[in-house]
Amino acid sequence: MSRLQLALNVDDLDASVAFYSKMFNTEPAKLREGYANFAIAEPPLKLILLENPGTGGSLNHLGVEVEDTATVESEQTRLSEAGLASVDERESTCCYAKQDKFWVKGAPNGESWEIYTVLEDSETFWGPERTALGILDVTPEQDAAACC
(Lines give C-alpha, C1' and ligand atoms only; values in the text may rest on other atoms or scores of the structure.)
Protein backbone atom coordinates (compact mmCIF):
# COMPACT_ATOMS: atom_id res chain seq x y z
CA MET A 1 0.00 0.00 0.00
CA SER A 2 1.29 3.43 -0.88
CA ARG A 3 0.24 6.61 0.86
CA LEU A 4 1.03 10.27 0.53
CA GLN A 5 3.29 11.85 3.14
CA LEU A 6 2.87 15.44 4.24
CA ALA A 7 5.55 16.83 6.60
CA LEU A 8 4.64 20.10 8.27
CA ASN A 9 6.69 22.50 10.36
CA VAL A 10 4.83 23.38 13.55
CA ASP A 11 5.47 25.97 16.26
CA ASP A 12 4.06 23.94 19.15
CA LEU A 13 4.15 20.16 18.85
CA ASP A 14 1.75 19.46 21.74
CA ALA A 15 -0.93 21.80 20.37
CA SER A 16 -0.48 20.39 16.86
CA VAL A 17 -0.71 16.78 18.06
CA ALA A 18 -3.92 17.61 19.93
CA PHE A 19 -5.41 19.31 16.84
CA TYR A 20 -4.50 16.56 14.33
CA SER A 21 -5.52 13.78 16.74
CA LYS A 22 -9.00 15.29 16.80
CA MET A 23 -9.05 16.11 13.08
CA PHE A 24 -8.13 12.59 11.96
CA ASN A 25 -9.60 10.75 14.99
CA THR A 26 -6.34 8.95 15.74
CA GLU A 27 -3.32 9.24 18.01
CA PRO A 28 0.26 9.51 16.71
CA ALA A 29 1.91 6.26 15.66
CA LYS A 30 5.22 7.70 16.89
CA LEU A 31 5.79 10.60 19.28
CA ARG A 32 9.26 11.81 20.21
CA GLU A 33 10.83 15.10 21.30
CA GLY A 34 10.10 17.63 18.56
CA TYR A 35 8.54 14.97 16.29
CA ALA A 36 5.24 13.17 15.73
CA ASN A 37 3.97 10.97 12.96
CA PHE A 38 0.46 9.83 12.27
CA ALA A 39 -0.31 6.75 10.15
CA ILE A 40 -3.82 7.71 9.05
CA ALA A 41 -5.94 5.00 7.45
CA GLU A 42 -8.62 7.22 5.94
CA PRO A 43 -7.60 9.12 3.94
CA PRO A 44 -4.37 7.12 3.50
CA LEU A 45 -1.85 9.65 4.78
CA LYS A 46 1.42 9.73 6.69
CA LEU A 47 1.32 13.07 8.52
CA ILE A 48 4.65 14.18 9.98
CA LEU A 49 4.89 17.10 12.42
CA LEU A 50 8.34 18.66 12.90
CA GLU A 51 8.63 21.21 15.70
CA ASN A 52 10.41 24.22 14.19
CA PRO A 53 9.34 27.30 16.20
CA GLY A 54 8.85 30.34 14.01
CA THR A 55 8.08 28.33 10.87
CA GLY A 56 4.73 26.84 11.91
CA GLY A 57 2.21 26.24 9.17
CA SER A 58 4.81 25.84 6.46
CA LEU A 59 5.60 22.79 4.38
CA ASN A 60 8.74 20.87 5.35
CA HIS A 61 8.60 18.26 2.57
CA LEU A 62 6.35 15.86 0.71
CA GLY A 63 6.73 12.17 0.10
CA VAL A 64 5.24 8.89 -0.95
CA GLU A 65 5.64 5.98 1.43
CA VAL A 66 5.75 2.68 -0.47
CA GLU A 67 5.64 -0.91 0.68
CA ASP A 68 9.21 -2.09 0.05
CA THR A 69 12.66 -1.37 -1.39
CA ALA A 70 11.74 -3.01 -4.71
CA THR A 71 9.01 -0.39 -5.13
CA VAL A 72 11.45 2.40 -4.21
CA GLU A 73 13.77 1.12 -6.94
CA SER A 74 11.04 0.72 -9.57
CA GLU A 75 9.75 4.24 -8.89
CA GLN A 76 13.27 5.65 -9.15
CA THR A 77 13.72 3.88 -12.49
CA ARG A 78 10.34 5.11 -13.76
CA LEU A 79 11.07 8.71 -12.79
CA SER A 80 14.58 8.55 -14.23
CA GLU A 81 13.15 7.32 -17.54
CA ALA A 82 10.76 10.29 -17.42
CA GLY A 83 13.77 12.62 -17.16
CA LEU A 84 13.62 13.43 -13.44
CA ALA A 85 16.86 13.40 -11.46
CA SER A 86 17.13 11.82 -8.04
CA VAL A 87 19.48 11.47 -5.09
CA ASP A 88 19.79 8.07 -3.37
CA GLU A 89 19.64 7.56 0.39
CA ARG A 90 19.69 3.83 1.04
CA GLU A 91 19.69 2.50 4.60
CA SER A 92 19.70 6.03 5.99
CA THR A 93 18.20 7.04 9.30
CA CYS A 94 16.01 10.12 9.55
CA CYS A 95 12.86 10.92 11.47
CA TYR A 96 13.33 8.02 13.90
CA ALA A 97 13.31 5.40 11.12
CA LYS A 98 15.86 3.55 9.02
CA GLN A 99 14.76 3.96 5.40
CA ASP A 100 15.55 3.16 1.81
CA LYS A 101 14.63 6.25 -0.19
CA PHE A 102 15.49 8.74 -2.84
CA TRP A 103 14.79 12.43 -3.33
CA VAL A 104 13.24 13.67 -6.56
CA LYS A 105 15.09 16.75 -7.80
CA GLY A 106 13.93 19.60 -10.01
CA ALA A 107 10.36 20.29 -8.84
CA PRO A 108 9.35 23.53 -10.57
CA ASN A 109 8.60 25.35 -7.30
CA GLY A 110 11.42 23.87 -5.25
CA GLU A 111 9.31 21.36 -3.31
CA SER A 112 11.22 18.49 -1.72
CA TRP A 113 9.75 15.07 -2.58
CA GLU A 114 10.97 11.75 -1.21
CA ILE A 115 9.94 8.23 -2.22
CA TYR A 116 10.71 5.87 0.68
CA THR A 117 10.05 2.70 2.61
CA VAL A 118 10.64 2.23 6.33
CA LEU A 119 13.01 -0.65 7.08
CA GLU A 120 12.81 -0.40 10.87
CA ASP A 121 12.26 2.04 13.71
CA SER A 122 15.17 3.96 15.22
CA GLU A 123 15.57 5.31 18.73
CA THR A 124 17.38 8.36 17.32
CA PHE A 125 16.32 11.04 14.85
CA TRP A 126 19.54 10.56 12.84
CA GLY A 127 21.55 7.36 12.48
CA PRO A 128 25.25 6.56 12.73
CA GLU A 129 25.88 7.80 9.18
CA ARG A 130 25.38 11.33 10.56
CA THR A 131 28.13 10.72 13.14
CA ALA A 132 30.68 10.45 10.34
CA LEU A 133 29.54 13.86 9.12
CA GLY A 134 29.74 15.37 12.63
CA ILE A 135 26.12 16.52 12.58
CA LEU A 136 24.77 14.88 15.75
CA ASP A 137 25.34 17.72 18.21
CA VAL A 138 22.26 19.73 17.34
CA THR A 139 18.95 20.45 19.04
CA PRO A 140 15.79 18.51 18.08
CA GLU A 141 14.53 21.68 16.36
CA GLN A 142 17.71 21.88 14.26
CA ASP A 143 17.37 18.17 13.48
CA ALA A 144 13.83 18.62 12.22
CA ALA A 145 14.76 21.68 10.17
CA ALA A 146 17.66 19.86 8.52
CA CYS A 147 15.84 16.57 8.03
CA CYS A 148 14.50 16.97 4.62
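Two strands pair if DSSP finds at least two bridges between them. Strands (E, at least two residues) and helices (H or I, at least four) are DSSP runs, numbered from the N terminus.

Keep this in mind on the tour: the model is predicted, local features need pLDDT of at least 70, side-chain atom pairs count only at pLDDT 80 or more, and totals for chains, interfaces and linings use all residues. Residues are numbered from 1 along each chain as its sequence is written, and side-chain values use heavy atoms, with hydrogens and water left out.

**Whole chain**

Show the cartoon. The protein has four helices and eight strands. From the N terminus the order is β-α-β-β-β-β-α-β-β-β-α-α. Of the 148 residues, 41% are buried (under 20% relative accessible area with a 1.4 Å probe, protein chains only; exposed is over 50%, partly exposed in between).

**Strands S6, S7 and S8**

Select residues 86–94, strand S6, together with S7. They pair in the antiparallel sense over seven bridges. Look for Cys94, which stands opposite Ala97 in S7. The two strands form a hairpin with two residues between them. In that turn, Cys95 has a positive phi of about 60°.

Now add residues 113–121, strand S8. S7 and S8 also pair in the antiparallel sense, over eight bridges. Here Gln99 stands opposite Val118 in S8.

Why is S7 (residues 97–104) largely enclosed by the rest of the structure? Seven of its eight residues are buried.

**Arg3**

Move to strand S1, residues 3–10, where Arg3 sits. Arg3 counts as buried because its relative accessibility is 15%. Its side chain makes a polar contact (N and O atoms within 3.5 Å, one able to donate a hydrogen and the other to accept it; residues adjacent in sequence count only if both atoms are side-chain atoms) with the side chain of Glu65, at 2.6 Å. Leaving aside residues up to four places away in sequence, Arg3 touches (heavy atoms within 4.5 Å) several residues, including Ala39, Pro44 and Gly63.

**Aromatic rings**

The whole structure holds five aromatic pairs (Phe, Tyr or Trp rings, the six-membered one for Trp, with centres within 6.5 Å; planes under 30 degrees apart are stacked, over 60 edge-to-face, the rest tilted). Select Tyr35 and Tyr96: their ring centres are 5.2 Å apart and their planes at 50°, so the pair is tilted. Tyr35 is in strand S3 (residues 35–40) and Tyr96 in the loop between S6 and S7, 61 residues apart. Both Tyr35 and Tyr96 are buried.

Add Phe125. Its ring centre is 5.4 Å from that of Tyr96 with the planes at 90°, so this pair is edge-to-face. Phe125 is also buried.

Last stop: select Phe19, Tyr20 and Phe24, which form one aromatic cluster.
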